[in-house]
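Please open the model in a viewer and keep the sequence panel visible. The stops below are given in the order in which they may be selected.

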Amino acid sequence: MSGYAPLEDTAMIPSPYHIPSHLETLTRVRQDCFSLILIIIIIIIIIIIIMFIIMFCCGIKPVNKYFVKDGMGNKVFGILEDSECCDRSFCASGRSFIMNVTDNSNQEVIRLLHPSACCYGSHELEVQSPPGTTIGYVRKNWHCCLSKFTVENERGEPAFKIERPFVGCTCCTDQNFELLSLNEEVTERSFGKIIKPFSCCGSNADFVLRFPSNLDVKMKATLLGACILIVNIVKNTF
């Protein structure tokens with residue numbers, strides 16, 4: 001007969017030494033409690049992994065954020081998109097969205113509203129400032145080859161137009177959108193531009209907006225909306 005007690009018996013023998021007060025809780029905790037906590041942690045990790053897989057494999061896109069800077073590089077506005085996740089993932093440039101434009105005090109000064117576009121040539125954008133007060137519109141005109149837009153005042157009256165000249169190859173050049181007068185006599189002379197600089201790395205390069213300093217402030221805000229609309233279309237189409 002062996003002089004050693006079975007292992008399962010020794011495990012139940014009370015501890016001969018003093019248990020520190022800060023560890024007394026462990027004497028009352030059952031093993032399945034630790035197992036339950038471990039299972040919960042594993043489930044959370046699995047859910048996070050599944051979310052990342054869905055985002056990268058199924059094309060779910062995060063909310064778009066932009067910053068507007070002046071010619072000196074100082075931040076002027078922040079722009080945050082408000083839209084549905086499924087719309088961003090599957091409707092691309094045709095999705096419905098609201099862009100909230102805030103100043104450096106985090107106060108919303110401009111609101112851009114883009115309803116769902118049923119087809120590529122039906123984009124329109126309403127510009128409000130302050131939010132709730134319409135100051136202008138931007139409408140994309142359907143054209144088989146060229147990108148053309150009309151900028152309108154708060155009454156829906158055309159003020160000027162934006163056109164992207166046709167070029168044979170745009171893969172290694174800037175994309176220019178010319179601001180043109182409605183006057184046919186001076187229609188070829190642009191008074192401003194919206195430029196997407198060429199990026200050799202294929203990243204989302206900054207857009208540059210140029211307009212006369214004496215342009216009506218409402219038209220400046222509306223042109224900011226036009227730039228956002230073009231960013232949305234270029235990013236998802238060209």
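Begin with Phe149 in this predicted model. Leaving aside neighbours within four places in sequence, Phe149 is in contact with Val138, Arg139, Lys140, Asn141, Lys161, Ile162, Phe177, Leu229, Ile230 and Ile233.

Next, extend the selection to the largest nonpolar core, which has 31 residues. Phe149 is among the members that touch the most others, together with Leu112, Ile162, Ile194 and Leu223. At least two residues of this core come from each of β3 (97-102), β4, β5 (124-128), β6 (134-141), β7 (147-153), β8 (158-164), β9 (175-181) and α4 (217-236). The greatest contribution is that of α4, with 12 residues. In soluble globular proteins, nonpolar side chains tend to be buried together.

Now colour the chain by pLDDT. The mean for the protein chain is 75, and 61% of its residues reach 70 or more. Strand β4 (residues 108-114) has the highest confidence, at a mean of 94, whereas helix α1 (residues 7-10) has the lowest, at 44. Over residues 4-13 the pLDDT is below 50, and this stretch has 1 contact in the model beyond near neighbours in sequence. Where pLDDT is low, the predicted coordinates should not be read in detail.

Within strand β4, select His114. His114 counts as buried because its relative accessibility is 1%, under the 20% limit. The His114 side chain makes a polar contact with the side chain of His123, at 3.0 Å.

Move to Leu80 in strand β2 (residues 75-82). Is this residue buried or partly exposed? Leu80 is partly exposed, with a relative accessible area of 40%. Beyond four places in sequence, its contacts are Val63, Asn64, Lys65, Ile98, Met99 and Asn100. Of these, Ile98 lies 18 residues from Leu80 in sequence, with a C-alpha to C-alpha separation of 8.4 Å.

Finally, display the charged side chains; the model has 9 salt bridges. One of them pairs Glu163 with Lys148 at 3.9 Å, N to O. This pair links strand β8, which holds Glu163, to strand β7, which holds Lys148, across 15 residues. Lys148 is partly exposed, at 24% relative accessible area.

Select Glu154 and Lys218 next: their closest N and O atoms are 4.0 Å apart in a salt bridge. Glu154 is in the loop between β7 and β8, while Lys218 is in helix α4, 64 residues away in sequence. Add Arg155 and Glu157, whose side chains form a salt bridge at 3.2 Å, N to O. Arg155 is exposed at 59% relative accessibility, and Glu157 is partly exposed at 38%. Through shared salt-bridge partners, Glu154, Arg155, Glu157 and Lys218 belong to one network.

Notes: Residues numbered from 1 in each chain as written. Predicted model: local features only at pLDDT ≥ 70, side-chain atom pairs only at ≥ 80, totals over all residues. Heavy atoms only, no water. pLDDT = per-residue confidence, 0-100. Helix = DSSP H or I, 4+ residues; strand = E, 2+ residues; numbered from the N terminus. Contact = heavy atoms within 4.5 Å. Core = buried A, V, L, I, M, F, W, Y, C linked by side-chain atoms within 4.5 Å. Buried < 20%, exposed > 50% of the residue type's maximum accessible area, 1.4 Å probe, protein only. Polar contact = N/O pair within 3.5 Å; in protein donor to acceptor, adjacent residues only side chain to side chain.
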